[in-house]
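Reader: Before I go back to the bench, I would like to go through this structure with you, one question after another. Could we begin as soon as it is in front of us?

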Amino acid sequence: GMYDSWGVGLLLYNSAISAFNSAVVTDVFRNKCIIFQQGEADTKDIINANNYELAEEGMITGIKNETGISFFIDGKLGDITKPDLLYPNIVNQAKDNNLTNNVSDATIDTTGLVLPDGVHFDTAGYEEVGVRYFNVVKDL
């Protein structure tokens with residue numbers, strides 16, 4: 001989840017920073033934005049869901065500080081129906097709160113997209129998510 005994997009210095013966080021630093025990017029794209037489409041693992045229990053906002057705030061702040069990227073786009077969870085993922089609304093509210101509190105800089109709404117397994121988008125959904133991210137990024 002966010003708290004035990006994406007915190008500053010933890011496995012997924014360090015992997016993301018490493019991938020960013022090793023990517024071949026041009027000056028045109030460097031320092032434009034980070035897009036983030038995660039959070040479903042934190043919907044399994046109420047403790048992780050309730051801790052999501054603060055944990056994500058720490059991750060976003062750390063990524064911005066380490067990469068020099070000042071614009072962070074946070075993708076919201078879709079209409080999750082998988083029975084063991086009980087708290088997607090809490091995680092999505094945390095993402096909204098981080099936007100309201102100027103931690104993140106934009107969110108992408110994913111409601112209404114098809115989730116064949118109850119969690120992940122179908123091909124058309126992933127394409128639409130890409131379009132939604134593009135519509136934010138194109139004006140940076």
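Author: Please keep in mind throughout that this is a predicted model. We can begin with the aromatic rings and the sheet, and then turn to the charged side chains.

Reader: Is Phe121 buried or exposed, given its relative accessible area?

Author: A residue counts as buried when its relative accessible area is under 20%. Phe121 has a relative accessible area of 10%, so Phe121 is buried.

Reader: How many aromatic pairs does the structure hold?

Author: A pair of aromatic rings is described by the distance of the centres and the angle of the planes. Counted over the structure, the aromatic pairs come to 3.

Reader: What is the geometry of the pair formed by Trp6 and Phe36?

Author: The ring centres of Trp6 and Phe36 are 5.1 Å apart, and their planes stand at 90°. An angle over 60 degrees counts as edge-to-face. The pair of Trp6 and Phe36 is therefore edge-to-face.

Reader: How many residues apart in sequence are the parts that Trp6 and Phe36 tie together?

Author: Trp6 belongs to the loop between helix H1 (2-5) and helix H2 (11-22), whereas Phe36 belongs to strand E1 (residues 34-36). Trp6 is buried at a relative accessible area of 15%, and Phe36 is buried at 6%. Because the two rings sit in that loop and that strand, the pair ties together parts whose separation in sequence is 30 residues.

Reader: Which residue do ring pairs link with Trp6 and Phe36 into a cluster?

Author: The ring of Phe36 comes from strand E1, and strand E2 (residues 72-75) pairs with E1 in the parallel sense over 3 bridges. Within E2, Phe72 is the bridge partner of Ile34. The residue that ring pairs link into a cluster with Trp6 and Phe36 is Phe72.

Reader: In what order do the strands of the open sheet run?

Author: The open sheet is formed by 3 strands, and their pairing is parallel. Its edge strands are E1 and strand E3 (106-108), each of which pairs on one side only. Neighbouring strands are turned against each other by 20° on average, direction ignored. The order of the strands is E1-E2-E3.

Reader: Which helix lies across E1, E2 and E3?

Author: Helix H3 (residues 46-67) lies across E1 and E2, and runs at about 145° to E2. The helix lying across E1, E2 and E3 comprises residues 88-100, runs at about 155° to E3, and is helix H4.

Reader: Which residues is Ile17 in contact with, leaving aside its neighbours within four places in sequence?

Author: Ile17 has its place in helix H2, and it is buried, with a relative accessible area of 8%. Once the neighbours within four places in sequence are left aside, Ile17 is in contact with Ile63, Glu66 and Thr67.

Reader: Which residue forms a salt bridge with Lys64?

Author: Side chains of opposite charge can pair when their charged atoms come close. Lys64 in helix H3 has its partner in the loop between H4 and E3, 41 residues apart, so that distant parts of the chain are linked. Lys64 counts as buried at 19% relative accessibility, whereas its partner is partly exposed at 27%. With closest N and O atoms 3.0 Å apart, the partner of Lys64 is Asp105.

Reader: Which residues do salt bridges that share partners join into one network?

Author: The side chains of Lys95 and Asp74 meet in a salt bridge at 2.7 Å, N to O. This pair links helix H4, which holds Lys95, with strand E2, which holds Asp74, 21 residues apart. Both Lys95 and Asp74 are buried. Salt bridges that share partners join into one network the residues Glu56, Asp74 and Lys95.

Reader: How many residues apart in sequence are the parts that Lys76 and Asp96 tie together?

Author: Lys76 and Asp96 form a salt bridge whose closest N and O atoms are 3.0 Å apart. Lys76 is buried at a relative accessible area of 15%, while Asp96 is partly exposed at 23%. Because Lys76 lies in the loop between E2 and H4 and Asp96 in helix H4, the separation in sequence of the parts they tie together is 20 residues.

Technical notes
Residues are numbered from 1 along each chain as its sequence is written. This is a predicted model: local features need pLDDT of at least 70, side-chain atom pairs count only at pLDDT 80 or more; totals for chains, interfaces and linings use all residues. Side-chain values use heavy atoms; hydrogens and water are left out. Rings of Phe, Tyr and Trp (its six-membered ring) pair if their centres lie within 6.5 Å; planes under 30 degrees apart count as stacked, over 60 as edge-to-face and the rest as tilted. Helices (H or I, at least four residues) and strands (E, at least two) are DSSP runs, numbered from the N terminus. Buried means under 20% relative accessible area, exposed over 50%, partly exposed in between (1.4 Å probe, protein chains only). Two strands pair if DSSP finds at least two bridges between them. Axes are lines fitted to C-alpha atoms, for helices over the stretch in contact, and angles run from 0 to 180 degrees between N-to-C directions. Contact means heavy atoms within 4.5 Å. A salt bridge is a side-chain nitrogen of Lys or Arg within 4 Å of a carboxyl oxygen of Asp or Glu.
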